[in-house]
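Let's take a walk through this structure together, one stretch of chain at a time. Keep the viewer open and turn the model as you read.

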Amino acid sequence: MEFFYGFYQGVGKSMEPALIEGEVYLVKKNPDYIRRGDIIVFKVPSLNQIHTKRVVAFGNETVEIREGQLYIDGEKYEETYLLNKNKSDNLKPVDVPAGQYFVLGDVRSISQDSRYYGAIKKDNIIGVVVQ
């Protein structure tokens with residue numbers, strides 16, 4: 001199987017410290033699979049923009065945030081990549097549609113992510129950041 005890679009530049013601070021604003025990073029296009037915790041580059045059709053966020057939930061899962069803590073299908077999920085958890089950060093349970101991905105920024109207070117524009121369809125994923 002042939003792999004394709006591309007370079008993208010970080011825009012904004014919502015993925016720090018994993019990705020620094022202005023940093024150029026390598027992206028594996030059309031990945032065979034996506035894992036929870038992967039950072040992906042994708043198109044947001046409703047905004048006509050390209051974003052970079054972290055995958056936290058898959059289709060047919062329920063995602064929720066209570067007092068800054070992420071829960072997937074009611075189970076607490078530890079996010080070791082977060083520098084700070086905002087206790088005032090809450091998200092009522094959201095059912096992720098089949099075949100889609102729920103993404104969040106690592107700096108939730110400034111991130112536009114699936115909480116705003118919904119889950120991401122696989123067809124809108126450009127690739128996975130290679131670290």
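A good place to begin is His-51, which is buried, with a relative accessible area of 10%. What we are looking at is a predicted model, and in it His-51 sits in strand E4, residues 49-58. Its side chain makes a polar contact of 2.8 Å with the side chain of Gln-49. Which residues from further along the sequence does His-51 touch? Leaving out residues up to four places away, they are Ile-40, Val-41, Phe-42, Val-44, Gln-112 and Tyr-117.

Now widen the view to the strand that holds this histidine. Seven of the 10 residues of E4 are buried, so the strand is largely enclosed by the rest of the structure. E4 runs antiparallel to E3, and six bridges join the two. You can find one of these pairings at Val-41, whose bridge partner in E4 is Thr-52. E4 also pairs with E9 in the antiparallel sense, over four bridges. There, Arg-54 stands opposite Leu-104 in E9. As a general reminder, strands of a sheet pair through backbone hydrogen bonds, in either a parallel or an antiparallel way.

The connection between E3 and E4 deserves a closer look. These strands form a hairpin with four residues between them. Asn-48 lies in this loop, between strand E3 (39-44) and E4, and has a positive phi of about 55° although it is not a glycine. At 73% relative accessibility, Asn-48 counts as exposed because the cut-off for that label is over 50%. After E4, the chain enters the loop that leads to strand E5 (62-66), and Asn-60 is found there. Asn-60 also has a positive phi, near 70°, without being a glycine. Asn-60 is exposed too, with a relative accessible area of 63%.

Why do such angles catch the eye? Because most residues other than glycine have a negative phi, and most peptide bonds are trans. That brings us to a peptide bond in another loop. Glu-16 and Pro-17 are joined by a cis peptide bond, with omega at about 5°. Pro-17 belongs to the loop between strand E1 (4-9) and strand E2 (24-29). Val-11 lies in the loop between E1 and E2 as well, and is exposed at 77% relative accessibility. Where does Val-11 stand relative to Thr-52? The two are 41 residues apart in sequence, and 8.4 Å separates their C-alpha atoms in space.

Next, turn to an open sheet of four strands, with the order E7-E6-E5-E8 and antiparallel pairing. Strand E7 (75-77) and strand E8 (91-95) stand at its edges, each with a single partner strand, so one side of each has no neighbour in the sheet. On average, neighbouring strands of this sheet are turned by 25° against each other, direction ignored. Within the sheet, E5 and strand E6 (residues 69-72) pair antiparallel over four bridges, and Val-63 stands opposite Ile-72 in E6.

Several of these residues return when we look at the packing inside. The largest nonpolar core has 12 residues in all, among them Val-56, Val-63, Ile-72, Tyr-81, Phe-102 and Leu-104. E4, E5, E6 and E9 each give two or more residues to this core. There is also a second, separate core of 11 residues, which includes Ile-34, Ile-40, Ile-120 and Ile-125. In soluble globular proteins, nonpolar side chains tend to be buried together. Back in the largest core, Tyr-81 touches Arg-54, Val-56, Asp-106 and Arg-108, not counting residues up to four places away in sequence.

Our last stop is Ser-114, found in helix H1 (residues 114-117). Is this serine buried or exposed? Ser-114 is buried, with a relative accessible area of 5%. Its side chain reaches the backbone nitrogen of Val-103 at 2.9 Å. Apart from neighbours within four places in sequence, Ser-114 is in contact with Tyr-101, Phe-102, Val-103, Ala-119 and Ile-120.

Finally, a word on confidence. The chain averages a pLDDT of 91, and 98% of the residues score at least 70. Confidence is lowest in E1, at a mean of 83, and highest in strand E9 (residues 100-104), at 98.

Key:
Residues numbered from 1 in each chain as written. Predicted model: local features only at pLDDT ≥ 70, side-chain atom pairs only at ≥ 80, totals over all residues. Heavy atoms only, no water. Buried < 20%, exposed > 50% of the residue type's maximum accessible area, 1.4 Å probe, protein only. Polar contact = N/O pair within 3.5 Å; in protein donor to acceptor, adjacent residues only side chain to side chain. Contact = heavy atoms within 4.5 Å. Pairing = 2+ DSSP bridges. Axes fitted to C-alpha atoms, helices over the stretch in contact; angles between N-to-C directions. pLDDT = per-residue confidence, 0-100. Core = buried A, V, L, I, M, F, W, Y, C linked by side-chain atoms within 4.5 Å.
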